[in-house]
Amino acid sequence: MAAPLEVVVTSDSGSQLWNSTVFDLYSGSSLLSYRGGNSSARTLSLLRGEFLLSAQVGKNFINVWEIQRKDQLQQKIVCPGVVTCVTASPDGLFLAAGVAEAIYLWEVCTGKLLSVLSRHYQDVTCLKFTDDSSHFISGGKDNLALVWSLCSVIQLDLNHTPDPRHVLSRHSLPITDLHCGLMGAQARVATASLDQTVKMWELSSGELLLSILFDVEIMSVTFDPCEYFLFCGGTDGNIFQVSLCSQSLSRDKSFQSDNDGNQVFKGHRNLVTCLSVSMDGTLLASGSHDETVRLWDVQSKQSIRCLAHKGKPRLLLLLLLLLLLL
């Protein structure tokens, strides 16, 4: 049996031959590819470590591939409308998808639709589960991020409409991305917005912990595994590293590059739409509308590999997979 291997999974908007590709994180070589259409942004997701999911651009279905199979035709999950975002719970039991302003939640083992949540006023742009699968967070074009408790959403009385646990309403323009840290219901959540800010929240209380103002709109956001740093992808192609260990007690701050951990990664020529950090926190992967995916050394801020794509990379995951086909 092959040893677990950390890999980069990418999908772009222009490839005619494949939908998603698995790359070796350190050599950059292509390991696997999955055929069938093109993926929509914010829809690439891993289910139980066995299946890869992504929604088809402009269509009402989600593509499903078995991770370990070569040359397969994708299976399809038909949805009520065009899918804007997809996430699977880490325990593999539930699948959530945004369709227009609604969130659809299914039980994976039965395929049963458990709930339809319609508390956003405009399209849902991003969805993420907590690492313990107890909550999920939705962000939308209505400037809101909603925190949902899974146990309150899954209920037998379909006439009762569940309420979100918290409404995070401090953004003034649409939310473009969000990232949920570790520690389950005690996690911290980061939200990025076209209002040029990234905000960090305490999930359990819904309290705003930190708001960082940038000079550009922010399209993507992620933490490193230890949550020492926040990485934010801008519309100008720069990636901003924000230290979360600063001695400053100010909740509202403007980003400034300094020697205390606030730094800038320069190399992309267009907006940065997706970010992911390796499990050991030493490598950062970024996808941009300049049709490249770059791997960066976090300590030196140097680009160590550039993976060219046929179109704009829409999706990016760094995953630890057990690849039996190697």
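Two strands count as paired if DSSP finds at least two bridges between them. The exercises below apply this to a predicted model.

**Exercise 1. Determine how strands β14 and β15 are related, and place them in their sheet.**

Step one is to count bridges: three of them join β14 (residues 145-149) to β15, and the two strands run antiparallel. As two bridges are enough for a pair, β14 and β15 therefore count as paired. One position of the register is given by A145, whose bridge partner in β15 is L168.

Step two is to widen the view to the open sheet of four strands, which has the order β12-β13-β14-β15 and antiparallel pairing. Its edges are held by β12 (124-129) and β15 (166-168), each of which has a single partner strand, so one side of each is left without a neighbour in the sheet. From one strand to the next, the twist averages 20 degrees.

**Exercise 2. Describe the overall make-up of the chain before turning to further details.**

The secondary structure consists of one helix and 29 strands. Of the 326 residues in the chain, 56% are buried. Among contacts with a separation of 6 or more, 45% are between residues 24 or more positions apart. The accessible surface comes to about 14,100 Å², and carbon and sulfur atoms account for 51% of it.

**Exercise 3. Work out why strand β22 is largely enclosed, and which strands pair with it.**

Begin with burial: five of the five residues of β22 (residues 239-243) are buried, so the strand is largely enclosed by the rest of the structure. Taken face by face, I239, Q241 and S243 lie on one side and F240 and V242 on the other, and all of these are buried, so that both faces are covered.

Next come the partners. Strand β21 (residues 229-234) pairs with β22 in the antiparallel sense over five bridges, and in this pair F229 has S243 as its bridge partner. The two strands form a hairpin with four residues between them, where G237 takes a positive phi near 90 degrees. Strand β24 (residues 263-265) is also antiparallel to β22 and is joined to it by three bridges, with V264 in β24 as the bridge partner of F240.

**Exercise 4. Decide whether E227 is buried or exposed, and trace its surroundings.**

E227 is found in the loop between β20 (218-223) and β21. Its relative accessibility is 13%, and because the limit for a buried residue is under 20%, E227 counts as buried. A polar atom of the E227 side chain lies 2.9 Å from the backbone nitrogen of L182. When neighbours within four places in sequence are left aside, E227 is in contact with G181, L182, R188 and L244.

**Exercise 5. Describe the sheet that contains β16, and find what its edge strands lack.**

Five strands form this open sheet, in the order β16-β17-β18-β19-β23 and with mixed pairing. At its edges stand β16 (175-180) and β23 (252-254), each with a single partner strand, so one side of each has no neighbour in the sheet. Neighbouring strands here are turned against each other by 15 degrees on average, direction ignored. For β16 and β17 (residues 188-193), the pairing is antiparallel over five bridges, and I175 has S193 as its bridge partner in β17.

**Exercise 6. Analyse strand β6 and its two antiparallel connections.**

Five of the six residues of β6 (residues 61-66) are buried, so this strand is largely enclosed by the rest of the structure. Strand β5 (residues 51-55) is joined to β6 by five bridges in an antiparallel arrangement, with A55 opposite I62. The hairpin of β5 and β6 has five residues between its strands, and G58 in the turn has a positive phi of about 70 degrees. Four bridges join β6 to strand β7 (residues 75-78), again antiparallel, and N63 stands opposite K76.

**Exercise 7. Identify the largest nonpolar core and the strands that supply it.**

The largest nonpolar core has 17 residues, and V198, F214, I218, L230 and C232 are those with the most contacts inside it. At least two residues each come from β17, β18 (197-202), β19 (208-213), β20, β21 and β22, and β20 gives the most, with three residues. Apart from this core lies another, of 16 residues, among them C85, L127, L144 and V153.

Terms used
Residues numbered from 1 in each chain as written. Predicted model: local features only at pLDDT ≥ 70, side-chain atom pairs only at ≥ 80, totals over all residues. Heavy atoms only, no water. Buried < 20%, exposed > 50% of the residue type's maximum accessible area, 1.4 Å probe, protein only. Contact = heavy atoms within 4.5 Å. Areas by Shrake-Rupley, 256 points an atom, 1.4 Å probe, with all protein chains shown as cover. Polar contact = N/O pair within 3.5 Å; in protein donor to acceptor, adjacent residues only side chain to side chain. Axes fitted to C-alpha atoms, helices over the stretch in contact; angles between N-to-C directions. Core = buried A, V, L, I, M, F, W, Y, C linked by side-chain atoms within 4.5 Å.
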